[in-house]
Amino acid sequence: MEGKEEDVKLGANKFSERQPIGTSAQTQDEGKDYKEPPPAPLFEPGELTSWSFYRAGIAEFIATFLFLYITILTVMGVVKSPSKCSTVGIQGIAWAFGGTIFALVYSTAGISGGHINPAVTFGLFLARKLSLTRAVFYIVMQTLGAIAGAAVVKGFEKSRTFEMLGGGANSVAHGYTKGSGLGAEIVGTFVLVYTVFSATDAKRSARDSHVPILAPLPIGFAVFLVHLATIPITGTGINPARSLGAAIIYNKKHAWDDQWIFWVGPFIGAALAALYHVVVIRAIPFKSKS
């Protein structure tokens with residue numbers, strides 16, 4: 001029995017310290033492998049003379065163009081079918097949005113950061129992750145890309161068919177109030193932008209370097225889950241460029257009546273996510289200046 005007890009003790013003490021988790025890990029690793037980056041300047045004129053700045057904007061344009069092209073075609077394919085059983089259905093639409101975001105963020109993250117969404121850009125700007133110059137440029141390019149993507153889809157479909165199928169435009173569904181639609185957009189965008197902050201947090205990468213994470217994957221899943229929840233309410237915007245691009249090409253009154261919801265809601269949701277990440281999760285305002 002003595003020999004067995006010694007084996008047990010040896011096994012218990014073989015690894016003197018376990019890898020701490022949760023709060024313990026955060027406390028232990030504080031300042032060990034990570035240094036807080038300085039906030040991005042509000043204006044950075046030097047960006048305007050850099051090719052990488054314009055290359056990033058072009059990447060945002062192309063990514064948003066492809067995003068609208070794939071997702072609106074998917075939506076219209078479901079809408080025009082007399083039997084939803086013969087289509088991918090709501091789940092397929094949600095997968096199209098989430099899967100496309102996963103692929104495009106993965107492809108463009110190293111060039112522009114892979115925002116593909118003015119709400120994401122706005123949230124990152126509020127957290128001082130990029131300059132106002134870059135934020136405005138990204139939002140303009142994303143919007144132009146969305147308009148171009150929706151226009152190509154209309155070119156593939158007959159004009160009358162495109163209009164009958166709704167053009168993939170967002171609007172608040174019958175049976176829901178505008179307040180409900182606004183709330184759905186705020187919460188849905190909060191989920192997305194909060195996931196973006198968490199998945200791309202440099203401190204988390206330094207602390208949990210032993211845990212590999214592919215940032216575009218949780219971001220794509222967040223988009224997928226939000227679409228499952230809110231397609232019946234608003235068709236799911238959570239991306240002002242996507243909503244505006246489809247509305248401009250579709251150009252019908254009911255799409256414009258609700259358009260404000262798909263800008264105000266996502267921007268509020270993004271601002272709340274940025275506030276939550278910076279003040280609560282990272283507690284940056286409460287850290288002592290060294």
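Which residues lie nearest the centre of the largest pocket? Select Glu36, Pro37, Ala127, Arg128 and Lys129, which do so among the 49 residues lining that pocket. A pocket here is an open set of points on a 1 Å grid over the protein atoms alone, where a 1.4 Å probe fits, with protein on both sides within 12 Å along at least five of seven lines; lining residues have an atom within 4 Å of a point.

Before going on, note that this is a predicted model: local features need pLDDT of at least 70, side-chain atom pairs count only at pLDDT 80 or more, and totals for chains, interfaces and linings use all residues. Residues are numbered from 1 along each chain as its sequence is written, and side-chain values use heavy atoms, leaving out hydrogens and water.

Stay with the largest pocket, which holds about 1,100 Å³ (the space filled by probe spheres set on the points, joined across faces, edges and corners). Now pick α10 (216-234), one of the helices supplying at least two lining residues; its share, 4 residues, is the largest. Helices are DSSP runs of H or I, at least four residues, numbered from the N terminus.

Next, move to the second largest pocket, with a volume of about 500 Å³. Among its 23 lining residues, show Val75, Val79, Ala169, Ile231 and Gly235, the closest to its centre. Here too α10 gives the most, with 4 residues.

Finally, colour by pLDDT, the predictor's confidence in each residue, from 0 to 100. The chain averages 86, but residues 10-32 stay under 50.

Key:
Contact means heavy atoms within 4.5 Å.
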